[in-house]
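Here is a small set of exercises to work through with the model open in your viewer. Try each task before you read its solution.

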Amino acid sequence: MIATLLAASDVNLIINYRGVDIAALLLRLALGVTMIAHGYNHIWGGGKIAGTAGWFESLGLRPGKLHAWLASLTELGAGAMLILGVLNPLAAAGVVGVMVVAWITNHRTNGFFIFRPGEGWEYVANLTFAGLALAALGPGRWSVDRLVKLHVAGFRGLAVAVVCGLGGALLLLAVFWRPNRPKADS
């Protein structure tokens with residue numbers, strides 16, 4: 001009887017690992033496609049890179065063209081890396097970094113809900129925390145990282161995403177962000 005219970009718990013453990021692998025793949029695909037779409041739109045959609053640069057300048061990120069390219073290439077690169085499962089914690093850090101900058105420069109003063117004027121911060125918060133979760137979870141079995149036996153997850157994966165993503169975003173903001181000050185009434 002004990003052997004049967006142990007065997008059943010081993011089966012449940014295997015099924016759970018498969019569930020974690022499926023969850024990691026789905027999370028990588030969702031974040032990866034979203035980031036690629038953002039990067040693509042910033043470079044080739046709407047106002048193209050010039051429009052993105054102007055928008056970044058209006059947010060106080062100067063020089064706007066540099067930041068438009070940095071954000072767009074980070075989104076494209078991190079998105080592709082996530083889809084493939086390559087250097088998962090660094091790819092997740094790319095998501096975290098870009099979203100934290102967007103959160104602070106554009107969304108934080110607009111309330112929680114995305115449908116509010118100016119777009120609230122619920123969307124960027126969810127992408128930020130999904131990136132952090134994926135860094136901690138790891139890329140799963142169906143990834144390039146797994147093929148090359150590079151497994152950084154748990155607290156180490158989370159630490160990479162926090163230090164590189166959050167730390168990089170805060171450093172970028174400290175050096176380059178100069179928000180426009182409201183004009184004083186005369």
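Before we speak of loops between helices, one definition helps: helices are DSSP runs of H or I with at least four residues, numbered from the N terminus. Please keep in mind that the model is predicted.

**Exercise 1. Describe the overall make-up of the protein.**

Task: Find how many helices and strands the protein has, and what share of its residues is buried.

Solution:
- Step 1. Count the elements: there are 7 helices and 0 strands.
- Step 2. Write them in sequence order, which gives α-α-α-α-α-α-α.
- Step 3. Turn to burial: of the 186 residues, 37% count as buried.
- Step 4. Look at the surface: the protein exposes about 10,700 Å², and 72% of this comes from carbon and sulfur atoms.
- Step 5. Check the contacts with a separation of 6 or more: 67% of them join residues 24 or more positions apart.

**Exercise 2. Characterise the packing of α2 and α3.**

Task: Determine how α2 and α3 are oriented to each other, and which residues make their contact.

Solution:
- Step 1. Two packed helices are described by the angle between their axes and the distance between the axes.
- Step 2. For helix α2 (residues 48-59) and α3, the angle is about 110° and the axes are 7 Å apart.
- Step 3. Angles of 65 to 115 degrees count as roughly perpendicular, so α2 and α3 are roughly perpendicular to each other.
- Step 4. The handedness of this crossing is right-handed.
- Step 5. On the α2 side, the contact uses I49, T52, A53, F56 and E57; α3 brings G64, K65, H67, A68, W69, A71 and S72.
- Step 6. Sorted by class, the residues of this contact are 6 nonpolar, 4 polar and 2 charged.

**Exercise 3. Do the same for α3 and α4.**

Task: Give the crossing angle, the handedness and the classes of the residues in contact for α3 and α4.

Solution:
- Step 1. The axes of helix α3 (residues 64-84) and helix α4 (residues 88-107) cross at roughly 145° and come within 9 Å.
- Step 2. Here α3 passes α4 in a left-handed crossing.
- Step 3. From α3, the contact takes A71, T74, E75, A78, M81 and L82, and from α4 it takes N88, L90, A91, A92, G94, V95 and V98.
- Step 4. By class, this contact has 9 nonpolar, 3 polar and 1 charged residues.

**Exercise 4. Inspect the backbone in the loops.**

Task: Locate a cis peptide bond, then examine the phi values of L87 and K149.

Solution:
- Step 1. The cis peptide bond joins R62 and P63, with omega about -5°. P63 sits in the loop between α2 and α3.
- Step 2. L87, in the loop between α3 and α4, is a residue other than glycine with a positive phi near 50°. At 35% relative accessibility, L87 is partly exposed.
- Step 3. K149 also is not a glycine, and its phi is positive, about 60°. This residue belongs to the loop between α6 (144-147) and α7 (154-176).
- Step 4. Exposed means over 50% relative accessible area; K149, at 76%, is exposed.

**Exercise 5. Follow one residue of α5.**

Task: Is L134 buried or exposed, and which residues does L134 touch?

Solution:
- Step 1. Place L134 in helix α5 (residues 122-137).
- Step 2. The relative accessible area of L134 is 0%, so L134 is buried.
- Step 3. Leaving out residues up to four places away in sequence, L134 touches A24, L27, R28, L31, L82 and N88.
- Step 4. Finally, the C-alpha atoms of L134 and A161 are separated by 9.3 Å, with their positions 27 residues apart along the chain.

Note on methods: Residues are numbered from 1 along each chain as its sequence is written. This is a predicted model: local features need pLDDT of at least 70, side-chain atom pairs count only at pLDDT 80 or more; totals for chains, interfaces and linings use all residues. Side-chain values use heavy atoms; hydrogens and water are left out. Axes are lines fitted to C-alpha atoms, for helices over the stretch in contact, and angles run from 0 to 180 degrees between N-to-C directions. Helices (H or I, at least four residues) and strands (E, at least two) are DSSP runs, numbered from the N terminus. A crossing is left-handed if the near helix is turned anticlockwise from the far one by less than a right angle, and right-handed if clockwise. Contact means heavy atoms within 4.5 Å. Ala, Val, Leu, Ile, Met, Phe, Trp, Tyr, Cys and Pro count as nonpolar, Asp, Glu, Lys and Arg as charged, and the others, Gly among them, as polar. Buried means under 20% relative accessible area, exposed over 50%, partly exposed in between (1.4 Å probe, protein chains only). Accessible areas come from the Shrake-Rupley method with a 1.4 Å probe; for residues, only the protein chains shown count as cover. Angles under 35 degrees count as roughly parallel, over 145 as roughly antiparallel, 65 to 115 as roughly perpendicular and the rest as oblique.
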